[in-house]
There are 2 protein chains.
Amino acid sequence: MFKVTFHFDSSEDVVSFAQEGSNLLEIAREANVAIDAPCSGNAACGKCKVQLVNGSLDSPKTIHISDEEFAQGWRLSCVSKVMSDVEVIVPDIASAYKSRMKVADLDSPEEIRIFEETRKDVKNAGILMANDLDMIRVTMDVPTLEDTMPDNERLIRAVQAVKACDRPKIPFRVVKHLSALLREYNYDVTVVTRSYDDVVEIMGIFGKDEPLVVPGVAIDIGTTTVAAIEVDMLTGKILAKASTGNGQIRYGADVINRIIESEKPGGRQKLQDAIIKETLNPLILQMSKAAGLSSRRIMRLCIASNTTMNHLLLGVYADPIRMEPYIPSFYGIRDVYARDLGLPTFPNALVIFAPNIGSYVGGDITAGTFASGIWHRETMSLFIDLGTNGELVFGNSEFMMSCACSAGPAFEGGDISCGMRATDGAIEAVEIDKDTMKPHCKVIGDKGQKPVGVCGSGIIDLISELFRCGIINPKGKFVREGERVRHDKYGMGSYVIAFRDEAASVKDVEITEADIDNFMRAKGAIFSAIRTMLGSLDFPVDIIDDVYVAGGIGSGINMRNAINIGMFPDIPIEKFHYIGNSSLSGAYLMMISTQAEEKVNQIAQNMTYLELSNEPGYMDEFVASCFIPHTDADLFPSLTMK
Amino acid sequence: MFKVTFHFDSSEDVVSFAQEGSNLLEIAREANVAIDAPCSGNAACGKCKVQLVNGSLDSPKTIHISDEEFAQGWRLSCVSKVMSDVEVIVPDIASAYKSRMKVADLDSPEEIRIFEETRKDVKNAGILMANDLDMIRVTMDVPTLEDTMPDNERLIRAVQAVKACDRPKIPFRVVKHLSALLREYNYDVTVVTRSYDDVVEIMGIFGKDEPLVVPGVAIDIGTTTVAAIEVDMLTGKILAKASTGNGQIRYGADVINRIIESEKPGGRQKLQDAIIKETLNPLILQMSKAAGLSSRRIMRLCIASNTTMNHLLLGVYADPIRMEPYIPSFYGIRDVYARDLGLPTFPNALVIFAPNIGSYVGGDITAGTFASGIWHRETMSLFIDLGTNGELVFGNSEFMMSCACSAGPAFEGGDISCGMRATDGAIEAVEIDKDTMKPHCKVIGDKGQKPVGVCGSGIIDLISELFRCGIINPKGKFVREGERVRHDKYGMGSYVIAFRDEAASVKDVEITEADIDNFMRAKGAIFSAIRTMLGSLDFPVDIIDDVYVAGGIGSGINMRNAINIGMFPDIPIEKFHYIGNSSLSGAYLMMISTQAEEKVNQIAQNMTYLELSNEPGYMDEFVASCFIPHTDADLFPSLTMK
């Protein structure tokens, strides 16, 4: 057995042991070391680089590693076999997806403003902000030899008197500690109730001195990123917020690779553990800590996620999703409780799932569509969710059509050598001086934060600016020379955004032609999807009254630059609205409002789905969109005018 | 650390390790060695005797151990401290309660006859033998690119078409493997459904070649003994039967001691594990094996048990049951599922509990009362359940009154030095030759089975015969001399039923004056309870038209002898009916018939409860009943006439 030591920039070493010839990426996965491997370990993506600092790895040099890098010890972990005790450095950039959890992630004034606006908009549309949970004060007679009614009956009758309802139900888990609690609080308690289908259920019993809140947790589970808020179900008030990477990332960057992993022996359990035990549970515990409330008090959860994510979270057999004819096990699923999933909340807490409408349009989109408000407007809206998959919904209060395109993880910084999600250290906005070619960057984080990488909004700016400055041509190839522009021996160009000494990274932060190519395919997928969907309805792009852009690309997104690179259609800039994480705000609204939940289910039932791959001309549209801005310049009149 | 080895007559050694001075009974409990300790280890009952064959124990000689026994190495384990490596023999009689499980225990023609008669009687009273479970064949269209409906929706619609119902529910646990199952069976399956409250729930999905049965398990959980049957819910047919000792026995023989144990640190979990993991789960698995069906197919359970047993089974805080004013957490409890208890059945199987009506009259009695049929007769019936507690119900279709008395475990062979439950090796009937004083015994088991001890019905015969032959006087003291009658140095008499060489035991099977005294208190408790209850209604005993005797005392009970010793009132012998384990037959009926379940709940609501200790004169009655047959001979005219 050899000793394998993983070093990190910002956290403690992890030590593991392995037999001679073991695969380094496998060892890392087993040791819970997050090394990103979007291609599932096929040496295709070049993301799983580590730096060997001691010992011997049997590892071929691949196209993703330059001579200089190889000399410095850089290796792809997916093709490396352990031949002795080894020590490797896992660079921050490789583990960026599973970066440390961020509590109170949504605290930026911009995020708060967006969140509040969404809430207001939905309220104005007539949705009542009320749910089935309630908290009441209940006082009972203390039992005597003359009054020997059992404790559950005593509580049932007292609750019945306050709520004026039929005989309430007490779940057996509540009965378990009932006698002890009633005695401790001297038969004077606060009771949380849930009212549904003519039933009042007694959920929890608390002393009268405990905080009078009923916490609920809304969660957006993205393929790459997970974000959540803890709120008081009685008032809707936000108690805590947090976000983190999806722990499943080490089983593949996209849903297809994860489904494949889930069907390997023990895979379904591994994938479920990665999202529940490794991701959601710490997230929930952290938020509860921040809110100063036990996580056991959480009485409701609502989850918005794509179809694959909700299948894998529930441990449901997901293989048919990826194989023709692409059949999920469910669209909507009900009656799931926290105890079924091993969540650290109140065991009987109901877990609401935003409904899917197809294998590739999931609950994140139905919840997001609700949050976007397009369902209650007569004007024509386009809702765009820029996630690992790009999903579009077009319509108004009369009809809604959706489609999905595979954008890849580029918008969240994946498939981009310097890419990362919009968190501390991410360059979220860039301007380039046309003469000196020097960039001016805006970095997320405290003042003085050095850049680690570039998030989606920063990449849009970068490409737009590189093009504007004539540094790259419409195909994304480097055509100017300078200190910051390099070409490797294969002729691949790159641009240095931050030299190593300016960055919080072990190497220069640079964008390569391969990165630009990946991003162009992502933006091309979105643009061609918009064109194809509108085309199928025989609508021109200027029928669009409003565009709602959502997703983890970051609130820093510059809509003008997004048009400039041909990602969004060339319509007036004021029609674009960034609405933040609409999936999370949708989940929040579904959780605190029964009417909102009903409306989301109604939206799901009424929304039609357009399968882009069945549309003639879609592939041509896509190919034509993989230029800056497009092969057909007439589609971007405002650019030629400029 | 010292090595402690437990030897047994009929099973393998158990080895444990303990520190110097550790208590031997505690070591045995931790090692799962069943040593009976009805008094909870207070040196009061003398049942925890073991024979030291090697090593050294620091152990005082108590009143329960004779000089000869002490010389032979007999020690009370509850007062023994380990002072070296030791080896002890645990006699069969001490572990008799947790004797090996017996599958098909109820196979005696007499038990079967009783069971069938009960079923017929209830049917004739108009109770429909139908429940909410059903099995249907369902065929679906195989999905295509043109028909991409999710699998759950496909199944829901197909079931809806067959059942002509509102949209059926599919629990998430069923959805989990749905896609895999539908594909395996090519969308042609057998579905088990449950219909309740206007809802049809899809319980399980099976291939069309699997056996068309829906197993359910009815269980009687007694303080001492557990008995169960597995049946087909669709036909009521019995598939398997089994009985075993209650694994909680090592935490005390009676409910009070068990509640005390349950409130020690970790105690509630220990008591719950003892009944579920150690007792019910093996019982269920054994029956399923005998029935040739996976235990995972069991879709329903019904449990009849006393109030303490059902509280401890559910892990519910039970302490207030034993303390004034004796308040249980619940009478009836609903919506408990197999998954909540970790039973090895279908996780979503509903577990029905027969309702309690007080802290000391539980679900075993409400189920038993139903099985006795007294609720549908106009004539006056007395139902007597001879368990560790004795419970009585008196009444007819108009009214029912119940009471409970603490009989102790004597009827099931507890608190009797040679006592055991009515299983293989138990002497169930005895006749004594008046001249030679030689006994003629009937032993349960295969031909040639040597006696191990005496069960309840055998003890009744023994005492009746010893009295008839003038060997004991009305106070239960030995007054004749002979080979089989002995007196120890304290003057305590005893009678040898089987000498060591005739018995399957390490010592003579004998009954002592202390045993007779214990049994007289048990039978006195029953008789005085009958007198007090009838007295409270101002009824003479001859108002009783029928007496239904139930319990683990054994079908061998001789009613004449039970009258002779003053246990039952002196009414015509043909009025007495032994109805076997009425608690189990009641649970069976509640399980397979929804109407029966409703009726049991109705019986529980309408039955009144008489607290004997509040009745003036009850203690005097009791004292007067602790004679053979009674201090007032006029109460037994048929005996004086003889």
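Start by selecting A:D147 in this predicted model, where its relative accessibility of 24% makes this aspartate count as partly exposed. Add A:R154 to the selection, and you will find the two side chains meeting in a salt bridge, with N and O 3.0 Å apart. The arginine partner, A:R154, counts as buried because its relative accessibility is 5%, under the 20% limit.

Move next to chain B and select B:R183 together with B:D151, whose side chains form a salt bridge with an N to O distance of 2.7 Å. This pair links distant parts of the chain, since B:R183 belongs to helix α5 (residues 172-184) of chain B and B:D151 to helix α4 (residues 151-163) of chain B, 32 residues apart. Here the arginine, B:R183, is partly exposed with a relative accessible area of 29%, whereas the aspartate, B:D151, counts as buried at 0% relative accessibility.

Return to chain A and select A:K61, A:D67 and A:K489, which are linked in a network of salt bridges. Within this group, look at A:D67 and A:K61, whose closest N and O atoms are 3.5 Å apart. A:D67 is partly exposed, with a relative accessible area of 42%, and A:K61 also counts as partly exposed, at 33%. Over all chains the count of salt bridges comes to 60.

The next stop is an arginine that has no such partner. Select B:R119, which is found in helix α3 (residues 109-124) of chain B, and note that this residue is buried yet has no salt bridge. The nearest side chain of opposite charge is that of B:E116, 4.4 Å away, and the pair does not count as a salt bridge because the limit is 4 Å. The side chain of B:R119 does reach the backbone oxygen of B:G236, at 3.5 Å. If you display the surroundings and set aside residues up to four places away in sequence, B:R119 touches B:M129, B:T235, B:G236, B:Y588, B:L589 and B:I592.

Now show helix α3 (residues 109-124) in chain A and place a distance between its end C-alpha atoms, which are 22 Å apart, in agreement with the 22 Å expected for 16 residues at 1.5 Å a residue. Colour A:I114, A:F115, A:T118, A:R119, A:D121 and A:V122, which are buried. These residues cover an arc of only 160° around the axis, which puts them on the same side of α3(A). On the other side of α3(A) you will find A:P109, A:K120 and A:N124, which are exposed. To see what the buried residues pack against, bring up β13 (225-232), β14 (238-245), α11 (363-372), β28 (576-578) and α15 (582-592) of chain A. Just after α3(A), select A:G126, which takes a positive phi of about 95°.

For a view that takes in both chains, select A:F172, in helix α5 (residues 172-184) of chain A. This phenylalanine counts as buried, at 3% relative accessibility. Leaving aside neighbours within four places in sequence, A:F172 is in contact with B:L314, B:I333, B:V336, B:D340 and B:L341. A C-alpha to C-alpha distance from A:F172 to A:N152 gives 10.0 Å, the two residues being 20 apart in sequence.

The last stops concern the backbone. Most residues other than glycine have a negative phi, and most peptide bonds are trans. With that in mind, select A:A164, in the loop between α4 (151-163) and α5 of chain A, where phi is positive at about 50° although the residue is not a glycine. A:A164 is exposed, with a relative accessible area of 69%. A:D538, in the loop between α13 (513-536) and β27 (546-550) of chain A, has a positive phi of about 60° and is not a glycine either; at 69% relative accessibility, A:D538 counts as exposed.

Finish with two cis peptide bonds, beginning with the bond from A:E324 to A:P325, where omega is near 5°. A:P325 lies in the loop between α9 (319-322) and β16 (336-337) of chain A. The bond from A:I628 to A:P629 is cis as well, with omega near -10°, and A:P629 lies in the loop between α17 (618-625) and α18 (637-641) of chain A.

Key. Residues are numbered from 1 along each chain as its sequence is written. Chains are lettered from A and ligands numbered from 1 in the order in which they are written. This is a predicted model: local features need pLDDT of at least 70, side-chain atom pairs count only at pLDDT 80 or more; totals for chains, interfaces and linings use all residues. Side-chain values use heavy atoms; hydrogens and water are left out. Helices (H or I, at least four residues) and strands (E, at least two) are DSSP runs, numbered from the N terminus. Buried means under 20% relative accessible area, exposed over 50%, partly exposed in between (1.4 Å probe, protein chains only). Lys and Arg count as positive and Asp and Glu as negative; His and the chain ends are not counted. A polar contact is a pair of N or O atoms within 3.5 Å; within protein, one must be able to donate a hydrogen and the other to accept it, and residues adjacent in sequence count only if both atoms are side-chain atoms. Contact means heavy atoms within 4.5 Å. The expected span of a helix is 1.5 Å times one less than its number of residues. The arc is that of the directions from the helix axis to the C-beta atoms.
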